[in-house]
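Hi,

Here is the structure I promised to pass on. Have a look at it first, and my notes follow underneath.

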There are 2 protein chains.
Amino acid sequence: MRGGAAVREETVKQAKWIWYPGEFEIYHHMLLSFRRQELGCDYPCVWHVSRPEVSVRFLKSFTVQRDGVFTAVTRGRGMVRLGAQLYPVNAPIPVQAGRCDLAVELFDFDAFPALFIDSELLVTDESWMAERYDAQPVPAACAPAFCSAADNPAVFPFAYRALSPVSVEPIANGVLYDFGQEAFGPAEVTLPAGASVQLVYGESRAEALDPAHAIIRETLTDRDEATRPARAFRYIAVCGDRAAETALTAREEYLPIEDKASFASDVPTLNEIWALCVRTFHLNTREFFLDGIKRDRWVWSGDAYQSFMIARYLYNDPSVTERTITALLGKPPYRRHINTINDYTAFLIISLWEHYAATGRRAFVRQVWENVKALYAFLVSRLDENGYAVRRQGDWIFVDWGELDKEDPVCFEQIVLWKTHLAMAALSRVMDEPDGSSAAAAALKERILKDFWDEEKGAFVDSFSSGRRFVTRQTNSFAVLYELVEGAQKRRVIENALLNPALPAITTPYFKLYELLALCEAGKIAAAQAYILSYWGGMLQAGATAVWEAFDPTQSGAAHYAMYGAPFGKSLCHAWGCGPILLLCRYVAGVRPTGVGGSAFRVAPQPGSWQSFDATVPVGAGEVRLTYQRPTVTVTATVPGGVFFDGKTETPLEAGKPMTFQLID
Amino acid sequence: MRGGAAVREETVKQAKWIWYPGEFEIYHHMLLSFRRQELGCDYPCVWHVSRPEVSVRFLKSFTVQRDGVFTAVTRGRGMVRLGAQLYPVNAPIPVQAGRCDLAVELFDFDAFPALFIDSELLVTDESWMAERYDAQPVPAACAPAFCSAADNPAVFPFAYRALSPVSVEPIANGVLYDFGQEAFGPAEVTLPAGASVQLVYGESRAEALDPAHAIIRETLTDRDEATRPARAFRYIAVCGDRAAETALTAREEYLPIEDKASFASDVPTLNEIWALCVRTFHLNTREFFLDGIKRDRWVWSGDAYQSFMIARYLYNDPSVTERTITALLGKPPYRRHINTINDYTAFLIISLWEHYAATGRRAFVRQVWENVKALYAFLVSRLDENGYAVRRQGDWIFVDWGELDKEDPVCFEQIVLWKTHLAMAALSRVMDEPDGSSAAAAALKERILKDFWDEEKGAFVDSFSSGRRFVTRQTNSFAVLYELVEGAQKRRVIENALLNPALPAITTPYFKLYELLALCEAGKIAAAQAYILSYWGGMLQAGATAVWEAFDPTQSGAAHYAMYGAPFGKSLCHAWGCGPILLLCRYVAGVRPTGVGGSAFRVAPQPGSWQSFDATVPVGAGEVRLTYQRPTVTVTATVPGGVFFDGKTETPLEAGKPMTFQLID
């Protein structure tokens with residue numbers, strides 16, 4: 001009611017629901033982790049999932065100018081301590097003018113303790129402290145979507161829009177709805193009285209027409225909820241005698257988030273690829289960054305690591321990345337690696353450092369720091385006597401699908417461990433704490449170079465203990481990307497591993513992105529460009545409306561949809577295939593932060609084989625706009641701190657001023 | 001159905017609900033911790049409360065002789081993996097003859113994952129493994145009360161019996177029900193249509209008649225549940241215009257558990273005291289050992305420590321003690337002391353050692369060992385550079401209510417810390433792990449004797465840093481009880497502290513028990529006997545129907561009921577007042593285990609000032625029966641391992657054979 005606001009003192013702030021930091025993410029991650037359904041079964045998450053604290057205390061000291069009342073609103077239970085007096089929640093509490101010490105003690109078995117006070121005397125907001133009964137109060141957390149008593153932080157604030165089928169077609173045993181492209185959301189199904197139908201969801205038409213193998217299917221009766229759980233689909237088949245009498249509508253459920261990057265070129269396929277990747281990335285940007293929207297919808301650290309990199313360019317918005325890091329971290333004690341995978345623990349810690357470097361958000365590091373230290377301590381506790389990461393009880397040394405030599409110790413694991421030590425050292429400096437890991441990084445680097453470097457092959461071998469001397473693109477890509485090697489040694493790695501046609505090809509788009517990044521780092525832009533056009537362009541030609549989990553141009557028809565031994569096991573909307581966004585922004589447009597939070601940045605376009613493009617790439621609180629027409633580029637940076645690099649020399653960029661350069665080939 | 005069982009193979013076992021060990025206790029402790037209501041408010045627990053895991057995997061490999069079906073019953077959700085095949089829960093699953101690897105993956109947002117399978121092919125029982133997604137499967141847990149599909153482990157298996165009021169009396173504003181003695185359970189209230197009444201619970205008549213100050217009261221309408229939450233009361237007042245038309249009945253909710261000890265003497269008051277203590281102890285023996293049934297019903301480690309000692313004699317049944325230890329431990333990470341109190345962390349670890357010593361239940365130690373080590377590591381991480389326990393952020397150095405010198409370091413805390421080091425060393429040996437704390441114990445003992453021993457006072461001072469040289473009964477009682485001192489030094493402590501009338505008296509029954517134990521250890525039985533008769537006898541004379549939280553013979557009337565600044569703040573049914581059970585069994589009957597699990601024991605009656613008694617005291621898997629008629633005692637031990645001590649010499653006891661001895665005065 002606007003009228004109420006007018007009589008308030010000017011200093012009164014916007015009231016917000018508050019909770020203990022991280023609990024919102026932990027709760028919604030818990031729900032998400034147990035929403036998977038497959039082949040008619042609930043399919044619980046296969047790793048440990050943390051849950052919210054049952055009770056939290058909210059604290060605020062304030063001065064009241066005149067007598068009044070307020071109400072502590074919660075969907076949980078508990079009480080309000082005002083000085084020595086106790087009051088129930090959800091009922092008016094009288095306050096006398098003067099100094100007040102307020103503690104609101106809440107518990108919630110169903111969701112997580114959250115509090116809302118909106119009165120003329122005081123409001124809940126981030127100036128409150130929250131305490132999980134550990135005598136360590138921290139600033140309370142809130143989110144913009146929850147600022148009225150009617151809001152419910154236990155309901156994730158998705159947006160919805162109606163979807164219209166492009167066709168509704170009779171099939172052998174019912175009706176097939178085609179919504180024209182990949183979508184995610186709830187269907188509404190109204191059955192005639194006494195009827196029962198089967199719903200078969202398909203990312204592909206073939207899947208929707210194959211109830212025996214479709215991943216998501218369910219049998220409904222008229223007694224079931226009309227609104228079905230949000231799911232991924234392009235097609236929905238309604239099967240059964242009464243299918244024609246059954247009404248089905250669907251809505252898209254999505255997270256509203258703005259694009260800050262754009263890329264347009266004179267290569268039409270490339271523009272379609274950009275649009276395909278952007279749409280796919282949005283579909284996978286939800287409570288957290290998902291790998292894919294159909295199959296497990298669990299949060300995977302390795303997949304998220306790539307999404308963080310992409311999101312920095314596409315959204316330049318820390319919110320989803322921070323929710324994802326918080327959810328992946330969960331809560332100590334740590335008894336297994338993140339997602340049970342050793343590399344994924346490393347990527348999570350490295351992610352936090354890279355997030356800080358990109359955003360300068362020290363408050364977020366502070367919020368998760370205790371958990372990150374516990375996770376790092378867990379990781380360190382499992383190293384061997386040489387400081388190498390090796391396979392312990394319950395470990396999964398993943399690296400990548402495909403042929404790798406995984407006899408302990410595995411080189412790839414040591415490279416990401418080395419980077420993790422460095423990330424912890426850097427984060428410790430951010431937190432003004434002693435650096436306890438730089439020495440470990442230095443010692444490990446020396447040992448890696450001694451044990452895994454094969455002088456004859458001029459590259460790193462996966463394992464030295466196996467004696468196989470197996471060289472892979474995976475391991476050597478990371479030696480380049482993480483700058484384990486420099487100068488002549490780096491050039492040898494590129495030549496002998498990355499550009500060596502004799503080595504087995506990388507077959508997963510997951511790792512293909514790292515390989516492309518390493519190629520771009522090595523200046524092989526044209527090769528990356530050619531790959532983008534053939535791989536993603538091929539997927540478009542095969543009918544993709546979102547980026548697939550994998551694509552093999554030698555396949556055709558429904559063979560495209562099989563994976564993990566199931567005819568429709570492949571996800572047809574997978575975040576890890578959105579790498580072109582990153583490649584185009586970082587290497588072709590060439591915009592790259594060099595100072596924390598984008599306080600300094602470098603613009604070094606590498607148009608490669610392309611003749612012209614227009615790009616907007618966010619950096620810091622602004623953006624860089626580029627218009628390229630071979631060989632000239634006009635660059636406008638809206639914020640200071642930029643330098644332009646033409647291939648030979650650097651020129652400072654002036655904020656707000658378009659500047660034109662010739663690129664050196 | 002009995003018919004079904006008859007066709008089973010003889011080897012088929014009793015099916016039991018199974019869960020991850022500790023989760024049953026964690027869940028019921030969580031519920032209990034948030035059931036407190038006071039002055040019309042929900043009153044959440046003021047320390048951190050752990051909650052169950054959201055998901056658990058249950059594992060079993062088995063061989064099926066012929067094809068069949070089974071159903072995985074759960075109140076949660078999840079799926080069954082049988083080999084590579086997935087099946088839903090709560091529906092029949094076909095099994096083919098042969099070897100089967102079964103994994104049941106369950107999640108439960110409301111209670112805790114629990115599974116029940118009862119088929120001819122297989123049943124759930126403690127032969128299954130359970131895993132909290134940490135790659136460390138452990139034997140699944142179960143409880144005798146849950147062995148049919150209709151049972152629900154989320155409902156604690158209390159028993160119920162009807163209560164009859166001894167009077168129903170009109171009062172000014174309604175009706176007062178008097179149930180004759182302290183009770184705990186749910187009332188059933190049926191209101192006339194449209195009516196509203198107030199219920200006022202009273203442990204005393206005065207409390208029930210004082211709605212403004214009664215601790216438990218509530219306003220009901222005819223729309224509320226007829227069955228009210230289980231609460232403590234002797235009296236219930238129904239107040240309001242329609243009170244006379246309102247029907248009220250009540251049931252007692254209790255834990256069925258058998259008494260194994262008895263004590264009868266020719267002192268009638270003593271027999272009444274024994275009965276009062278036994279009844280009080282039963283009322284406080286529920287999911288866990290409670291301190292009192294009216295006020296907070298939270299589980300307190302210091303109070304529980306005394307209950308463990310009493311229960312060993314009264315019940316000789318490990319179940320409630322193990323549930324209580326499990327609940328108090330909760331789950332790591334530990335960020336604060338148990339119940340926020342430093343001494344209570346120490347008592348919990350010491351309790352586990354004493355429980356093992358009394359029962360030999362290594363499997364229980366194994367079950368909680370990881371948590372105990374984490375708790376001990378937390379404790380050790382907060383010691384100062386001298387190895388002393390000192391006050392850190394969030395700590396509460398309690399010791400006892402009353403006058404103590406609590407300037408850090410506090411002697412009492414060091415004595416219980418020393419005992420904790422010893423307990424951890426002993427438990428490590430039980431677990432076949434390296435002893436990491438004996439050296440700390442030895443160093444600490446030396447330092448305590450150097451810093452806290454006051455040669456002039458011939459006793460320990462509470463603090464050496466304050467310079468006050470304050471000597472208390474509390475600190476010195478523990479120096480005796482825990483055998484920090486021996487021989488001449490122990491005698492000086494007894495003389496100069498325990499028997500020194502110049503020192504402030506102990507005022508809490510909590511600590512009075514330790515003082516009485518120390519006096520008995522010092523052989524001052526008659527003094528303890530006199531105290532029992534006067535203190536507990538005085539309570540009986542003042543009208544107690546259960547042991548009060550405290551008793552001051554100089555008070556009268558409703559003044560007895562005040563405590564903590566509230567007119568009815570005192571609990572009138574408090575476990576810590578049940579010490580006479582322990583004192584009579586351990587010192588007067590004189591039965592004391594000396595080997596793990598009672599494998600060896602000593603019978604050394606000390607009748608003190610009493611002329612005759614009959615006692616039965618459990619030990620190991622049996623009991624010792626004593627009939628004393630000054631100066632002769634006849635002793636029958638039903639199990640081997642006993643020795644009799646007449647005050648001068650020891651005589652082996654023969655199992656099952658009554659043996660008669662003369663006691664030396």
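Let me start with a proline: A:Pro409 sits in the loop of chain A that runs between helix H8 (362-381) and helix H9 (411-430). Helices here are DSSP runs of H or I with at least four residues, strands are E runs of at least two, and both are numbered from the N terminus. The bond linking A:Asp408 to A:Pro409 is a cis peptide, with omega about -10 degrees. In chain B, the peptide bond from B:Asp408 to B:Pro409 is cis too, with omega near -15 degrees. B:Pro409 is placed in the loop between helix H8 (362-381) and helix H9 (411-430) of chain B.

Before the rest, some housekeeping. This is a predicted model, so local features need pLDDT of at least 70 and side-chain atom pairs count only at pLDDT 80 or more, while totals for chains, interfaces and linings use all residues. Residues are numbered from 1 along each chain as its sequence is written, and chains are lettered from A and ligands numbered from 1 in the order in which they are written.

Now the backbone oddities in chain A. A:Asp432 is not a glycine, yet has a positive phi of about 55 degrees. You will find A:Asp432 in the loop between H9 and helix H10 (438-451) of chain A. Is A:Asp432 buried or exposed? With 7 other C-beta atoms within 10 Å, A:Asp432 is exposed. (The rule: 20 or more other C-beta atoms within 10 Å of a residue's own means buried, 12 or fewer means exposed, and in between is partly exposed, with C-beta atoms placed from the backbone.) A:Ala135, also not a glycine, has a positive phi near 60 degrees. A:Ala135 belongs to the loop between strand E11 (129-131) and strand E12 (138-139) of chain A, and counts as partly exposed because it has 17 C-beta neighbours inside 10 Å.

Helix H7 (residues 342-359) of chain A is a good ruler check. Its 18 residues should span 26 Å at 1.5 Å a residue (the expected span is 1.5 Å times one less than the number of residues), and the end C-alpha atoms are indeed 26 Å apart. Of the 18 residues in H7(A), 16 are buried. A:Gly360, just after H7(A), takes a positive phi of about 70 degrees.

On the domain level, chain A splits into domain 1 (2-139), domain 2 (159-254), domain 3 (262-587) and domain 4 (589-662); these bounds come from an automatic or database domain assignment. Taken over C-alpha atoms, the centres of domain 1 and domain 4 of chain A are 45 Å apart.

One residue to click on is A:Val189, in strand E16 (residues 187-190) of chain A. A:Val189 is buried, with 22 other C-beta atoms within 10 Å. Leaving out residues up to four places away in sequence, A:Val189 touches A:Leu199, A:Leu220, A:Ala226, A:Arg228, A:Thr246 and A:Leu248. (Contact means that the C-beta atoms, placed from the backbone, lie within 7 Å.)

As for how the chains meet, 36 residues of chain A are in contact with 35 residues of chain B. On the chain A side, strand E3 (41-42), strand E6 (77-82), strand E7 (85-88) and strand E9 (98-107) each supply at least two residues. That side of chain A divides into 21 nonpolar, six polar and nine charged residues. (Ala, Val, Leu, Ile, Met, Phe, Trp, Tyr, Cys and Pro count as nonpolar, Asp, Glu, Lys and Arg as charged, and the others, Gly among them, as polar.)

Over in chain B, helix H2 (residues 23-33) is mostly covered, with ten of its eleven residues buried. The buried residues of H2(B) pack against strand E1 (18-19) and helix H6 (318-329) of chain B.

Then there is B:Cys142, in the loop between strand E12 (138-139) and strand E13 (159-163) of chain B. B:Cys142 is buried, with 23 other C-beta atoms within 10 Å. Not counting residues up to four places away in sequence, B:Cys142 touches B:Lys16, B:Trp17, B:Ile18, B:Asp125 and B:Glu126.

Cheers

How values were computed
Two residues are in contact if their C-beta atoms, placed from the backbone, lie within 7 Å.
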